[in-house]
Amino acid sequence: MRINRYLLSSLPATAAALVAALAAAQNGFAEVMVDGAALDLGGTPLAATQISLQPGIAGPSTITIFTGDDGHYLLPGTIAGRAAADINIRAVKLGYEHVDTLRSITDTGDGNQRLTLTAVMRRSANQAGVAPASAWLKDLSLADQAQVVMACVGCHQLPAPEVRRYANLIADLPGDAAANRAAAWPMIVNYMNFLSAEEFSRGNPHNPSPEPDRVYSGGQAEVNGALLARTLTGRMDYVAGYDYGAPLAVNEHTVIREFEVARPNAIREAVMMGTPPRLWAADVSSNRIVSIDVATGVTTDFEVPTELAMGPHTLVPGENALWVAAFFNGYIARLDIPTGKWQTWQLHTNSGGEAGVHDLTFGPEHQLLADYRGRIWYSDIVNNAVGFFDPASGEMGTYPIPEIEGRPGSGASVYGIVMTSDRKHIWFSQLGIASFGSFNTETLKFEQREVLDNLKAGPRRLAITEDDILYVPLYGAGQLIAYDTKARRTIAVHDLPDRASAPYAVTWDPLRKVVWIPTSNANAIYRFDPATKDFSVLPLPREGAFLRMLQVHPQTGLLVTSYANIVETVHGPRMALIIDPGDQDVLAGTMPTRHTAINGN
Amino acid sequence: MSSGSTLKLLLLAGITVAAGASRVMAADDTEALLTARKCHACHAVSENRLGPSYVAIAAKHSVMRSDALVEVLSRKIVAGGGGAWGNVPMVPNDHVSLDEARRMTRWILERRPGN
């Protein structure tokens, strides 16, 4: 296993500890070691309880760890620059409510302090605020779940807290509750259509801000309004009976580090790159990439150097470079990481129209992968095509994807795209018409086509393994397809632990040989082990943990992702994340060393 | 492909939305503030859209005009709520500060016909 020692030594925990020590020396606070436990009201230790803490110093804005089997936790590193009395935790466990925190501070004798924070947890049938948005959809039919996810969750969680608040306003009205819902929800769909239309006109210089009346009809207000009216009934401050659907993939070594990005922004994805590694996050609401120093949390903006490239939304790491697809005006940009220099390409279709670049081809390591002739391929969501450009020669071209008989001719939404190991085949998905297929970059012909029965299945962002096994997440259906691209046959279709979780993407993990599945609606990342066919769940520490893409950092095996909330009026966290799943035994020596247990307790 | 059909495709794809253009405006331009805070998604000056027109709102509340009314309506703008115009509640607008809401309310209440 190739591992870069320098990178390891500059990982966040260590670096943050250094910065912390520096801060401590400067302002006279002791260094504080934090540990504790989670107990129920009967004093029984609770395993796998999320403990979140805001260190309030350099580095991540929030660190989350989990209690082990004995109910104990230990924060890696120490906190400095803050009085121990100001440090607090938030404990979260499905089925429980955090009712109290017991504190004790002891001097450790070396001038430092040990802060023990014990979370007292009360059983609670009401899971509101702890269970994810998908919990509210658990009793719907699979067809309704798929429709809700496909209609709404592409842009924000449903029901997000704001949606639940609105449901409460409806429920509180006098009169016939069903009639009130039937009147109010279509209005909301129209409103959302307006917000979408306004967003999509933003980056287009040819398109003035939309007239509300014209765009209300965009998203089938009657159909989707009726769907919401029968889905979101009554007051929505109570939900019970949700379970994750699979064992938790966490232990006492799991660490989730969240880095908040100053608003306003609409961070859509993040990757970790460079030496020492930094986070790079795409802000689709502006024209910039935000770079985050993981040791200090300090951010630096890298502006894409053309006003026409609007809304960076897809990031693919390359060789010392970050490749960026922008939402508007057919731009691809390349940021040279060592020098900070940009290059941009304006792509167009064969007929001279603007390309609608969505994703760029990558391989098993989620690194940019050009074809055997050095051409980079992309999915063109606007023109339902695959296209290429050659960064060396500037040559480009597009190939419209053939229609499928019996499927809508528009709204195909070609989405994910990956490259096979021979670099002669690309595989793409079509989110809107439930299809995926391949294109031969040598013959320049479309080859295989797979059409799923369920039109709302929602094949989204793909991943491919070293052996050319394709993984396809079904956003609407809440499933995972494993597909053998060489034999051109489906190996299996797996139900996800939560069918309303809205899996936005899949990422192959070449270090662990597992598939990670970031979800939009379940505040969770799923882990799928192809050897055992088992799923497990990595729960994220907050509501609105809407995920899109996930990177496995090749040098360390850390998981990198971001919350991808974009709707301004549906709030949600704006953060990039680094996750250590805590599986050092699996990676045997490739992961950073951790604090060992402290004596006594 | 026309911008219109592009827009439609993107809408169908349901990929992204409303990140936050137009955050800046002249300090005293209340009409621009209404647009920046997205009230125009549902309201217009004289025509009913998803919500009542400003002229209709001003007319309805022309009987009782007081600081208390301004306060009540401003709080409703931020918190959302229904029942005054039918069975469709207004959404909570908590991206709006109470001070901004007061300014908007005063401006809306001046939209009475003949004003």
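**View 1. Neighbours that cover helix 4 of chain B.** In this predicted model, the cover over the buried residues of helix 4 of chain B includes helix 4 (161–171) of chain A, along with helix 5 (98–109) of chain B. Both chains therefore appear in this close-up, since the cover includes a helix from chain A and a helix from chain B.

**View 2. The buried face of helix 4 of chain B.** Take a look at the side chains of Leu69(B), Val70(B), Leu73(B), Ser74(B), Ile77(B) and Val78(B), the buried residues of this helix. Viewed down the axis of helix 4 of chain B, these residues fall within an arc of 165 degrees, so they line one face of the helix. The spacing makes sense: with 3.6 residues a turn in an α-helix, residues three or four places apart point the same way.

**View 3. Helix 4 of chain B from start to end.** This helix takes in residues 67–79, 13 residues in total. From first C-alpha to last, helix 4 of chain B reaches 18 Å, close to the 18 Å expected at 1.5 Å a residue. Just after the helix comes Gly80(B), with a positive phi near 80 degrees.

**View 4. Chain B around the helix.** Stepping back, chain B has 5 helices and 0 strands, in the order α-α-α-α-α along the sequence. Of the 115 residues in chain B, 48% are buried. Among contacts in chain B with a separation of 6 or more, 52% join residues 24 or more positions apart. Chain B exposes about 5500 Å², with 55% of that supplied by carbon and sulfur atoms.

Definitions and conventions: Residues numbered from 1 in each chain as written. Chains lettered and ligands numbered in written order. Predicted model: local features only at pLDDT ≥ 70, side-chain atom pairs only at ≥ 80, totals over all residues. Heavy atoms only, no water. Helix = DSSP H or I, 4+ residues; strand = E, 2+ residues; numbered from the N terminus. Buried < 20%, exposed > 50% of the residue type's maximum accessible area, 1.4 Å probe, protein only. Contact = heavy atoms within 4.5 Å. Areas by Shrake-Rupley, 256 points an atom, 1.4 Å probe, with all protein chains shown as cover. Expected span 1.5 Å × (residues − 1). Arc of directions from axis to C-beta.
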